[in-house]
Amino acid sequence: MSTTTAIAPKEKFLQLVEESKKQFGLADEQREAALEFLNQFEIPTTRDEEWKYTRTTKLSNEAWKWSNDHSVETIVPYRIPKLNALELVFVNGKFSQELSSNVLLDGLTFMEGATLVSNEANQNDPANFFEAFQRATTTGAIYLGTSSKVAIDKHFHIIHLITDQNAVSTPLIVLNVQANSKLSVTESFCGNTNGLTIRRLSANVATNARLEYNKIQNEGDEHYLINIDEVAIDRDGYSNLNTLTVAGGWVRNDLRIALNGENIEANLSGFYLPRNKQHIDNHTKVDHKLPHCVSNELYKGILFDSSTGVFNGKVYVWKDAQKTNAYQNNANIIAGDNAVMNTKPELEIYADDVKCSHGTTTGQLDEQAMFYLRARGMSPDSARKLLTTAFINDVLNKVDEEVVREYVIQLLVEKELLTI
Amino acid sequence: MLQIKNLQARIEEKEILRGLNFEVKPGEVHAIMGPNGSGKSTLASVLAGKEDYEITGGEVSFKGKDLLEMSPEDRAREGLFLAFQYPVEIPGVSNINFLKAALSEVREYRGLPQLTAKEFLALVKEKSSLVELDGQLANRSVNEGFSGGEKKRNEVFQMAMLDPTLAILDETDSGLDIDALRIVANGVNAMRSPERSFVVITHYQRLLDFIVPDYVHVLYKGRIVKSGTKELALELEERGYDWIKEEVEAAQL
Ligand SMILES: Nc1ncnc2c1ncn2[C@@H]1O[C@H](COP(=O)(O)OP(=O)(O)OP(=O)(O)O)[C@@H](O)[C@H]1O
Ligand SMILES: [Mg+2]
């Protein structure tokens, strides 16, 4: 007879780290370094300011496991039609050579493997338990680096597939966009099982370089997704980051952008359209450190049914960052009777010659407009879709690549959220 | 075409329509006048199906059907059109895309074949020139940033597109200069036919010089208190409403 005692959630994650040793390619010292943080952290709870409206209890109590399942026959259903892209595929968090394109491009360095790639990532400290866990395990990792002065005209499409129940994936993506070069990436999250994905992105955008990055999160009600995006931009650099949450059971996005030089333009936009009991949390942080930079932030959400949403937008304008233009806007429509949105802009401005603005709105679908459209013969359903489409249209328009935009619209139409 | 019997409606405990009787036959043009707040727009909204109002009594039949039972969109599809006193601005929704979607649903309901893209654009061109609406406006967001006059012309343009059998124009003349007024009136007149009826709500007799009504009614305190021919409008212009109010008060004693 054996007695089972309930194992504390933190212990279960530590056990997973132990099990990962035999499986994935991190070097021992890399794992140990992350474990030091992991041991110090606790799983965040709603008592933590950063997690005030995002519960982790359910996530923590699931019986997670590493999965080696690789039973994906084709990625065709996840392909973006008409996109001229190299595809990089992860299955249950592991990079799949077989399913991915051959990356042989002039002016581009591609690497794969946790040890190698982890060394190229930003070496800042993990911010919380989940981030430390991701670093201590790292199921798979890829690196894309441009050579300076090369504009890569191929698009990259990173696809995350989850095939197994209770599978945890902790992939890492490192981007290094060298001076005067350009890189465009779209990343699709397609978890439809009861899985957990903690994905870290570490991107460096060098002098006068350009990064266009779209995340398409389209996951099932049972899936948990954490994205940690760290983007550091140098002088004259440009980034355009779009977080497009079509669906997802429980999603937490942490996006941190450091503007480390002068004359940088950083755009960050997103929409979230949760339904049922889905929960979508966007935490963003924009750090203006030096003068003459612009940041444009636009997040929009429509919350259906009993879904919940969180937006927390931090903007720091440090003392030296004169002539900063920082704009932030978060607009929400509560479309469900039991939907709830928590939104909080946090601006801290220590420079005096700056233009900063922020606005948040949370309201209902415009009833006057609904009636107007219906009085012209439109059904409530198509009127509602027309209005929601109009609402998120300016976010969609931030996507540089037209075929990617069309693809996202198609996903929304299939989910009956949009009309075209 | 339209028969209203003893219609009573209220909003937030406030009685606005208090037993209104009114009938429109095919091809007729009726003008409704009356002091501010007498219930003209309420009548229009109730007929179009706005849900804010509570109907507390009476009946309305439209082409033999119970209008009050129908959803706003079905009323529109059946051929009722309301030109709003205050057209709604809808940022991000293109006038054309919206009309295309609306017209497609309306035609489907009426059992008419769908228009091809080419036919639709030809229709837009024809009907927008009817009210001399700048082609650019058709492509902009619905009423967003339109001048008052442009909004009213856009209403008449949409009416022409949707080809109603009964059009209610709620102060479509308000805020128009004399040229714009003439344009709007010409647009309406071009649509007059033995099958199509109009209810024109207005404060100004001058509109009725252009759109000549068969009947003129005065709505006061939620009832039609006086009806006549176009001469009544002239008389109201000259004498105001006080004499009518007095007549009503006297009758109540
Ligand atoms: N949503 C509402 N809530 C409360 N009262 C309302 C509402 N809508 C209309 N009313 C009231 O109902 C009355 C009738 O209004 P209505 O707009 O029908 O008048 P009207 O005859 O069209 O006036 P006008 O000539 O100024 O356009 C007014 O007293 C008005 O204040
Ligand atoms: Mg009115």
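Q: Two strands pair if DSSP finds at least two bridges between them. How do you know that β1(B) and β2(B) pair?
A: DSSP links β1(B) and β2(B) by eight bridges in the antiparallel sense, so the requirement of at least two is met. One of the bridges joins B:A9 to B:L17 in β2(B). The model is predicted: local features need pLDDT of at least 70 and side-chain atom pairs pLDDT 80 or more, while totals for chains, interfaces and linings use all residues. Residues are numbered from 1 along each chain as written, chains are lettered from A and ligands numbered from 1 in written order, and side-chain values use heavy atoms, without hydrogens or water.

Q: What makes β1(B) a strand, and what joins β1(B) to β2(B)?
A: Strands are DSSP runs of E with at least two residues, and helices are runs of H or I with at least four, numbered from the N terminus. In chain B, β1 covers 2–11 and β2 covers 14–24, so both satisfy the rule for strands. The two form a hairpin with two residues between them, and B:E12 in the turn has a positive phi of about 45 degrees.

Q: Why are β2 and β5 of chain B said to stand at the edges?
A: Let's start with the order, which is β2-β1-β4-β5 in an open antiparallel sheet of four strands. β2 and β5 (65–66) each have a single partner strand, so one side of each has no neighbour in the sheet. For β5(B), pairing with β4 (54–62) rests on two bridges, including that of B:F62 with B:K65.

Q: What does α1(B) touch when it packs on the sheet?
A: Contact means heavy atoms within 4.5 Å, and α1(B) touches β1, β2 and β4 of chain B. Axes are lines fitted to C-alpha atoms (for helices, over the stretch in contact), with angles from 0 to 180 degrees between N-to-C directions. The direction of α1(B) makes about 105 degrees with that of β1(B).

Q: What makes B:N36 a polar contact of ligand 1?
A: A polar contact is a pair of N or O atoms within 3.5 Å; within protein, one must be able to donate a hydrogen and the other to accept it, and residues adjacent in sequence count only if both atoms are side-chain atoms. A side-chain N or O atom of B:N36 is 2.9 Å from an oxygen of ligand 1, so the pair qualifies. B:Q85 has a polar side-chain atom 3.1 Å from a ligand oxygen, and for B:E171 the distance is 3.3 Å.

Q: Which residues come nearest to ligand 1, and which helix gives the largest share of the shell?
A: A residue is near if one of its heavy atoms lies within 4 Å. Of the 16 residues around ligand 1, B:N36, B:K40, B:S41, B:T42 and B:H203 come nearest. The largest share, three residues, comes from α1(B).

Q: Why are β2 and β20 of chain A placed at the edges?
A: The open sheet there has ten strands with mixed pairing, in the order β2-β1-β5-β8-β10-β12-β14-β16-β18-β20. β2 (94–96) and β20 (355–363) each have a single partner strand, so one side of each lacks a neighbour in the sheet. The twist averages 10 degrees from one strand to the next.
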